[in-house]
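Grab a pencil and work through these exercises with the structure open beside you. Try each task before you read its solution.

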Amino acid sequence: MVNLQSRSLRVYADALEYLDQTRLPQAEEWVRCDSPDAWQHAVKHLAIRGAPLIGLSAAFVLAQYAARHPESEWQAVSDRLRATRPTAVNLMYCLDAMEACFAQGANALAERAKALFEEDRALCQRMAERGADLLASGDRVLTHCNTGALATAGVGTAIGALAIAKQRGIDLHVYVDETRPLLQGGRLTAWEMADLGIPYQLITDSMAASLMAAGKVDKVMVGADRICANGDFANKVGTYMLAVAAHYHQVPFYVVAPYTTVDPACATGAAIPIEQRDGAEVRGAAGAFGEVVWAPSDAPVWNPAFDVTPAKLVTAWILDTGVFDSAAIARGEHLRGWR
Ligand SMILES: CSC[C@@H](O)[C@@H](O)C(=O)COP(=O)(O)O
């Protein structure tokens with residue numbers, strides 16, 4: 001029996017099933033995950049991905065492990081899950097919340113994981129409604145990576161705002177950045193746009209600046225993997241380049257995220273750990289995409305999965321708790337009541 005379900009996760013009493021995001025859009029394949037090892041494999045390969053979903057799925061895996069193993073092992077498992085991907089702080093948020101329940105036993109862990117899942121669903125709804133308030137019919141919105149229902153327990157972050165706008169009858173046109181090198185935009189966001197019935201056009205990341213120069217972009221909306229106390233934020237690599245282009249072309253640039261993506265302990269973007277990934281992802285494409293190598297097979301590669309956008313390039317931070325401009329961020333209003 002499924003206890004909880006989102007677009008990309010089914011939670012059973014003793015296992016998870018995830019929608020394998022490396023197989024989309026070619027196939028909708030649900031895969032069983034019943035151990036920390038299986039979860040780590042899925043997360044490292046981005047079969048489970050997106051900041052909120054990584055954290056929530058880790059919470060369930062830990063709770064299910066705790067139900068079958070002695071308490072003496074729980075901390076080591078949590079440490080192992082925590083180290084799987086370093087940049088998105090939602091993983092740390094969820095595991096901190098779970099560890100705080102260790103003393104109350106396995107049943108409390110199962111309840112806590114469920115509460116985190118339900119919290120994320122509600123946070124998505126709130127931030128998405130705030131984001132939709134900033135959209136008007138006729139807007140041409142550019143987005144990067146994938147920030148929709150696939151990546152969260154609810155309607156999504158930046159794509160959530162587009163989805164709520166659509167529900168309100170606001171007519172948008174969305175430009176979807178392909179998002180090199182793993183193509184979360186081309187594979188997942190394009191699929192979600194079609195699913196939502198939102199008209200869109202797919203572009204390569206390198207086309208965004210000239211699209212703005214042609215006056216065809218009214219707003220940029222992206223998600224975040226970690227927002228610092230000063231408003232700097234990490235998101236999928238390529239976001240910084242978009243922010244620079246948007247600033248130059250005076251296109252409003254919005255970040256949409258839940259408060260669980262804010263890291264008050266991270267003063268500035270310089271403190272965000274950036275995940276480095278295998279060079280093979282840039283030399284060619286593998287796995288679900290087939291096996292194609294277009295660069296010399298030994299070409300040296302720099303492959304950071306995320307980049308940091310400085311706060312000064314952001315028009316507003318749209319959180320579940322409010323919409324903050326740079327003056328509000330400087331006053332620390334986004335940190336008020338955090339945790
Ligand atoms: C879900 S919204 C924010 C981010 O998690 C998203 O934009 C992103 O960068 C995801 O990266 P990914 O490497 O696909 O997990």
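A quick reminder before the first exercise: this is a predicted model.

**Exercise 1. Follow a pairing outwards: find the partner of Ile227, then place its strand in the open sheet of 4 strands.**

Start at the residue itself. The bridge partner of Ile227 is Phe233, which belongs to E10. Now widen the view to the two strands: E9 (residues 226–228) and E10 (residues 233–236) run antiparallel and are joined by 2 bridges. Next comes the whole sheet, which is open, has mixed pairing and reads E12-E9-E10-E15. Its edges are E12 (262–263) and E15 (306–309), each of which pairs on one side only. Finally, look at what packs on this sheet: helix H9 (residues 239–248) touches E10 and E15, and its direction makes about 30 degrees with that of E15.

**Exercise 2. Lay out the sheet of 7 strands and say which strands are its edges.**

Write down the order: E7-E6-E5-E8-E11-E16-E17, an open sheet with mixed pairing. The edge strands are E7 (200–203) and E17 (322–324), as each pairs on one side only. From one strand to the next, the twist averages 25 degrees.

Now check some of the pairings:

- E8 (residues 219–222) and E11 are parallel, with 3 bridges, and Val222 stands opposite Val255 of E11.
- E11 and E16 are also parallel, with 4 bridges between them; here Val256 has Ile318 of E16 as its bridge partner.
- E16 and E17 are antiparallel over 3 bridges, with Ile318 opposite Val323 of E17.

So the word "mixed" fits, since strands of a sheet can pair either parallel or antiparallel.

**Exercise 3. Is strand E11 enclosed or open to the outside, and what covers its two faces?**

Count the buried residues: in E11 (residues 253–257) they are 5 of the 5, so the strand is largely enclosed by the rest of the structure. Then split them by side. In a regular strand, side chains alternate between the two faces of the sheet. Phe253, Val255 and Ala257 sit on one side, Tyr254 and Val256 on the other, and all are buried, which leaves both faces covered.

**Exercise 4. Describe the surroundings of Trp317.**

First, place the residue: Trp317 is in strand E16 (residues 316–319). Second, apply the burial cut-off of 20 or more other C-beta atoms within 10 Å. Trp317 has 27, so it counts as buried. Third, list its contacts, leaving out residues up to four places away in sequence: Ile227, Gly231, Val255, Phe324, Ile329 and His334. For a long-range reference point, take Glu118, which is 199 residues from Trp317 in sequence and 23 Å away in space, C-alpha to C-alpha.

**Exercise 5. How does helix H2 run relative to H4, and how relative to H1?**

Take H4 to begin with. The axes of H2 (residues 51–68) and H4 (residues 90–99) come within 7 Å and cross at roughly 30 degrees. Angles under 35 degrees count as roughly parallel, so that is what H2 and H4 are. The crossing is right-handed. Among the residues making the contact are Ile54, Leu56 and Leu62 of H2, and Leu91, Tyr93 and Met98 of H4. By class, the contact has 12 nonpolar, 2 polar and no charged residues.

Now turn to H1 (residues 36–44). Its axis and that of H2 come within 10 Å and cross at roughly 165 degrees. An angle over 145 counts as roughly antiparallel, and H1 and H2 therefore fall into that group. This crossing is right-handed. Pro36, Trp39 and Val43 of H1 meet Ile54, Ser57, Ala58, Val61 and Tyr65 of H2. The tally here is 7 nonpolar, 1 polar and no charged.

**Exercise 6. Hunt for backbone oddities: which peptide bonds to Pro25 and Pro181 are cis or trans, and what is the sign of phi at Leu46 and Leu183?**

Cis bonds come up twice: from Leu24 to Pro25, and from Arg180 to Pro181. Pro25 is in the loop between E3 (16–19) and E4 (30–33), while Pro181 is in the loop between E6 (173–177) and H7 (184–196).

On to phi. Leu46 isn't a glycine, yet its phi is positive at about 65 degrees; this residue lies in the loop between H1 and H2 and is buried, with 21 other C-beta atoms within 10 Å. Leu183, again not a glycine, has a positive phi of about 60 degrees. Leu183 is in the loop between E6 and H7 and is partly exposed, with 18 other C-beta atoms within 10 Å.

Methods. Residues numbered from 1 in each chain as written. Predicted model: local features only at pLDDT ≥ 70, side-chain atom pairs only at ≥ 80, totals over all residues. Pairing = 2+ DSSP bridges. Contact = placed C-beta atoms within 7 Å. Axes fitted to C-alpha atoms, helices over the stretch in contact; angles between N-to-C directions. Buried ≥ 20, exposed ≤ 12 C-beta atoms within 10 Å, placed from the backbone. Parallel < 35°, antiparallel > 145°, perpendicular 65-115°, else oblique. Left-handed = near helix turned anticlockwise from the far one by under 90°. Nonpolar A, V, L, I, M, F, W, Y, C, P; charged D, E, K, R; others polar.
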